[in-house]
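Visitor: I'm new to looking at protein models. Could you walk me through how to read one, a feature at a time?

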Amino acid sequence: MNDDQPKLLLTTSPFLKHREDTAFLMWQVNYSLIPVLLVAFWFFGVNAILITLTCVAGAAIPEWVLERGKGRRPLRDGSALITGVLLALTLPPTIALWMAFLGGAIAILLGKTLFGGIGFNIFNPALVGRAFLQAAFPQAMTTWAPPLAHGELFAVRGDLFAIPFTTPQLDAVSAATPLALMKFDAVSTGASDLLLGSTAGSLGETGSIVILVCGAYLALRRVLNWRIPISIFASVAALTGVLYVIDPTSTGSPAFHLLSGGLVLGAVYMATDPVTSPLTQAGCWLFGLAIGALVVIIRLYGGLPEGVMYAILLMNAATPLINRVTQPRIYGGQLAVSHLVARLTGRGAS
């Protein structure tokens, strides 16, 4: 035996590594997004591919530069790829590519790196990027194009290649989203069109049935916590069901609200982010119910027709509190809710 090798090797546990590590889970999500991207390509053509590649580049390049400077091997866990793809799925199909790239960079820099990197971010990075674009370029972010006719998959629409920080020439052929039609014109869209995706909207608003199938796959693989999307759907269905009975003309049916906008995409892929969602099972139920309630409030009583992004970001901020309130009681200890109330009222121990 070589004298240079140690005669006794001591290591700390665990000695066996489970195959379902962070990279494994991230790549499972990436694989599940492939059918969603194919549906986006079918409805919006090459624009969907170009925007997705640009968002991924905007997310991957800053992460690669920053992580390489720390001596790490970046991009291998697939998290930057998820961020770029999810951001692309929230964008209009005619947005300028420089805006998409900027949104991807902001998602990584402000949404993840600022908080310390993967596992430390408070907010969903893709939604941070979209929130920035929504605030910086509201006109471009609210200009929607209808799905393509057959045979036009490789026709570039809109001013995708606009020069950065110039006013792009918006596509003359635009259409209102189903939520905008309902909110401003009281016109409802059929459930079949919403389910199949033949409506105007973001790249990820198309083909809700495909997103649901991909979400079921992730739930079966235990990549996502199924309690979060189920509670979101239940909350939206219950609240809109009651309001629909009261005023069916301007509210929209529960099926309409479940399948329209970015609710399905947000519930399956955004809200279930394990870093920004609660750790306890009770917390996941509370988290999802609150997101659904906020979506309904913003859609029906706010100034915008959609509220999924803001609802998830607001509840991301509330996740630490939810974790504290819903944590299991240690034997002999005080319930988390009682302890919190005691501290707020000044009657408990500091």
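Visitor: Let's begin at the start of α14: which atom does a side-chain oxygen of threonine 280 reach there?
Guide: For a contact like this, look for an oxygen and a nitrogen and read the distance. In this predicted model, the threonine 280 oxygen comes to within 2.9 Å of the backbone nitrogen of glycine 283.

Visitor: How do I check the span of helix α14?
Guide: Count the residues, allow 1.5 Å a residue, and compare with the distance between the end C-alpha atoms. Helix α14 runs over residues 281–301, so its 21 residues should span 30 Å. The end C-alpha atoms are 30 Å apart, which agrees.

Visitor: Which residues of α14 are buried?
Guide: Quite a list! Among them are Gly283, Cys284, Phe287, Gly288, Ile291 and Arg299. The buried residues of this helix pack against α7, α10, α12, α13 and α15.

Visitor: Arg299 is charged. What does arginine 299 form a salt bridge with?
Guide: To read a salt bridge, find the closest N and O atoms of the two partners. Here the partner is glutamate 306, and those atoms are 2.9 Å apart. Now look at each side: arginine 299 has a relative accessible area of 4%, so it is buried. Glutamate 306 is at 21%, so it counts as partly exposed, the cut-off for buried being under 20%.

Visitor: How many salt bridges does the structure hold?
Guide: There are 2. Besides the one with arginine 299, lysine 112 and glutamate 63 meet through their side chains, at 2.6 Å from N to O. Lysine 112 sits in the loop between α4 and α5, and glutamate 63 in helix α2, so the pair ties together parts 49 residues apart in sequence.

Visitor: Are lysine 112 and glutamate 63 buried or exposed?
Guide: Lysine 112 is buried, and glutamate 63 is buried too.

Visitor: How do I read a pair of aromatic rings?
Guide: You want two things: the distance of the centres and the angle of the planes. This structure holds 5 aromatic pairs. One of them joins phenylalanine 41 and phenylalanine 154, with centres 5.8 Å apart and 65° between the planes, an edge-to-face arrangement.

Visitor: Where do phenylalanine 41 and phenylalanine 154 lie?
Guide: Phenylalanine 41 belongs to helix α1, and phenylalanine 154 to the loop between α6 and α7, so the pair ties together parts 113 residues apart in sequence. Check the surroundings as well: phenylalanine 154 has 67% relative accessibility, so it counts as exposed.

Visitor: What about nonpolar side chains?
Guide: In soluble globular proteins, they tend to be buried together. In this model, the largest nonpolar core has 66 residues. Those with the most contacts inside it are Ile51, Leu86, Leu89, Leu91, Met99, Tyr269 and Ile291. Helix α1 supplies the largest share, 8 residues. A second, separate core has 5 residues, including Leu179, Met182, Phe256 and Leu259.

Visitor: Which residues does leucine 89 touch?
Guide: When you list contacts, set aside the neighbours in sequence. Not counting residues up to four places away, leucine 89 touches Leu33, Val36, Leu37, Ser202, Leu203, Gly204, Glu205 and Leu265.

Visitor: Can we try a polar residue, like threonine 52?
Guide: Sure! Ask where the residue sits, then what its side chain reaches. Threonine 52 lies in helix α2, and at 8% relative accessibility it counts as buried. Its side chain reaches the backbone oxygen of alanine 48 at 2.7 Å. Leaving aside neighbours within four places in sequence, threonine 52 is in contact with Leu37, Val85, Ala88 and Leu203.

Visitor: And which backbone oxygens does threonine 251 reach?
Guide: Use the same steps. Threonine 251 is in helix α11 and is buried, with a relative accessible area of 6%. A polar atom of its side chain lies 2.8 Å from the backbone oxygen of aspartate 247, and the side chain also reaches the backbone oxygen of leucine 243 at 3.5 Å. Beyond four places in sequence, the contacts of threonine 251 include Met182, Tyr244, His257 and Leu300.

Visitor: Zooming out, how many helices and strands does the protein have?
Guide: It has 16 helices and 0 strands. Buried residues make up 48% of the 350 residues. For contacts between residues at least 6 apart in sequence, 74% join residues at least 24 apart.

Methods. Residues numbered from 1 in each chain as written. Predicted model: local features only at pLDDT ≥ 70, side-chain atom pairs only at ≥ 80, totals over all residues. Heavy atoms only, no water. Helix = DSSP H or I, 4+ residues; strand = E, 2+ residues; numbered from the N terminus. Buried < 20%, exposed > 50% of the residue type's maximum accessible area, 1.4 Å probe, protein only. Contact = heavy atoms within 4.5 Å. Polar contact = N/O pair within 3.5 Å; in protein donor to acceptor, adjacent residues only side chain to side chain. Phe/Tyr/Trp six-rings, centres within 6.5 Å; stacked < 30°, edge-to-face > 60°. Core = buried A, V, L, I, M, F, W, Y, C linked by side-chain atoms within 4.5 Å. Salt bridge = Lys/Arg side-chain N within 4 Å of Asp/Glu carboxyl O. Expected span 1.5 Å × (residues − 1).
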